[in-house]
Amino acid sequence: MKLKDRVAIVTGAAQGIGKAFAVGYAKEGAKVVIADIADGKETVDAVENAGSEAVFVKTDVIKQEDCDAMAKAAVDRFGMIDILVNNAAMYANIIKKRFNEITTEEWNRVMEVNTAGPFHCIKAIFPYMKEKGGKIINVASSIIFEGAMGMPHYVASKGAVFAFTRSMARELGEYNINVNSLAPGYTQSEGSKVIEKNRAIAGPNPEEISLQKRCLKRTSLPEDMVGTAIFLACDLSDFITGQLILCDGGASFH
Ligand SMILES: NC(=O)c1ccc[n+]([C@@H]2O[C@H](COP(=O)([O-])OP(=O)(O)OC[C@H]3O[C@@H](n4cnc5c(N)ncnc54)[C@H](O)[C@@H]3O)[C@@H](O)[C@H]2O)c1
């Protein structure tokens with residue numbers, strides 16, 4: 001087991017890719033804190049079925065006080081924090097539309113959740129993680145290299161996540177904390193289904209486009225992200241920091 005007795009916080013783990021991370025970490029022996037604005041009970045059950053322990057902490061990552069309470073709850077329950085996965089994002093609720101129809105409020109909301117959220121979470125866990133080091137994984141997206149119609153705020157926010165990752169890697173290296181980005185390609189999560197259903201502009205079907213571009217000719221599922229997330233959380237990646245790993249079946253090369 002690659003994460004035996006490690007304690008991991010996964011934000012946005014009530015569904016989709018975050019849920020897959022939580023279950024994947026549990027199978028490797030980690031105890032998991034499920035932090036989400038939505039109910040995380042299903043994920044807690046899934047982690048327990050995988051043979052480990054989990055706790056759900058209702059957390060809105062745009063609120064520093066929620067993130068502080070999340071970190072405290074992790075330490076109260078499991079004694080430490082070894083891994084933070086900043087996975088929560090404003091994604092499913094985005095209505096794809098022309099850039100000039102996006103309001104400042106919509107732009108700011110996406111930026112707040114997707115960029116201030118990881119910032120708040122790292123601030124919250126730092127007092128605990130700095131004592132013996134750890135791993136931080138910020139979930140970006142392959143979309144930052146490709147662009148996409150109808151969601152410039154989301155694309156910009158994920159570009160910021162990668163830039164923030166580089167910056168945090170520089171700041172936290174002296175504490176033996178590795179900070180990396182995992183960039184999924186288009187993946188069939190609950191969020192992806194909702195976003196395509198709600199789109200307000202016509203556009204190509206992202207699943208078809210991605211399938212054409214991928215070297216590996218199959219659908220990307222949340223479980224396809226898990227191996228990379230385990231690698232970046234375990235000892236095998238101890239000398240890797242500030243990097244971005246694209247996990248998109250070879251759809252894009254950068
Ligand atoms: N699915 C894809 O195609 C894809 C591709 C590239 C990157 N990503 C990224 O991967 C991550 C997971 O994506 P997904 O497809 O599973 O998304 P999803 O929309 O299915 O799930 C996102 C989760 O984040 C939670 N969340 C949203 N706002 C929150 C907040 N303010 N505080 C706490 N939790 C909040 C939601 O409740 C939900 O459980 C996201 O960072 C997303 O941007 C997804």
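Me: What makes the radius of gyration of this predicted model agree with that of a compact globule?
Reply: A compact globule with 254 residues would have a radius of gyration near 18 Å, and the protein in this predicted model has 17 Å, so the two values agree. Along its principal axes, the C-alpha trace spans about 50 × 40 × 35 Å, and the protein contains nine helices and seven strands.

Me: Why is the pair formed by D36 and the ligand called a polar contact?
Reply: A polar contact is a pair of N or O atoms within 3.5 Å. A polar side-chain atom of D36 lies 2.6 Å from an oxygen atom of the ligand, and because 2.6 Å falls within 3.5 Å, this pair counts as a polar contact.

Me: How do you know that Y154 and V61 make polar contacts with the ligand as well?
Reply: For Y154, a polar side-chain atom is 2.5 Å from an oxygen atom of the ligand, whereas for V61 a polar backbone atom lies 3.0 Å from a nitrogen atom of the ligand. Both distances are within 3.5 Å, and therefore both pairs are polar contacts. As for cover, the protein hides 95% of the 830 Å² of accessible area that the ligand has on its own.

Me: Which elements give two or more residues to the shell around the ligand?
Reply: These elements are helix 1 (16-27), helix 6 (152-172) and helix 7 (190-197). By class, the shell has 15 nonpolar, eleven polar and three charged residues.

Me: What makes R6 and D235 part of the lining of the second largest pocket?
Reply: Lining residues have an atom within 4 Å of a pocket point, and R6 and D235 are among the 13 residues that line this pocket, so each of them has such an atom. The pocket has a volume of about 230 Å³, and its lining holds three nonpolar, four polar and six charged residues.

Terms used:
Residues are numbered from 1 along each chain as its sequence is written. This is a predicted model: local features need pLDDT of at least 70, side-chain atom pairs count only at pLDDT 80 or more; totals for chains, interfaces and linings use all residues. Side-chain values use heavy atoms; hydrogens and water are left out. On a 1 Å grid over the protein atoms alone, a cavity is a set of points where a 1.4 Å probe fits but cannot get out, and a pocket is an open set with protein on both sides within 12 Å along at least five of seven lines; lining residues have an atom within 4 Å of a point. Grid points are joined across faces, edges and corners, and a volume is the space filled by probe spheres set on the points. Ala, Val, Leu, Ile, Met, Phe, Trp, Tyr, Cys and Pro count as nonpolar, Asp, Glu, Lys and Arg as charged, and the others, Gly among them, as polar. A polar contact is a pair of N or O atoms within 3.5 Å; within protein, one must be able to donate a hydrogen and the other to accept it, and residues adjacent in sequence count only if both atoms are side-chain atoms. Accessible areas come from the Shrake-Rupley method with a 1.4 Å probe; for residues, only the protein chains shown count as cover. Helices (H or I, at least four residues) and strands (E, at least two) are DSSP runs, numbered from the N terminus. The radius of gyration is taken over C-alpha atoms; the globule rule is 2.2 Å times the number of residues to the power 0.38.
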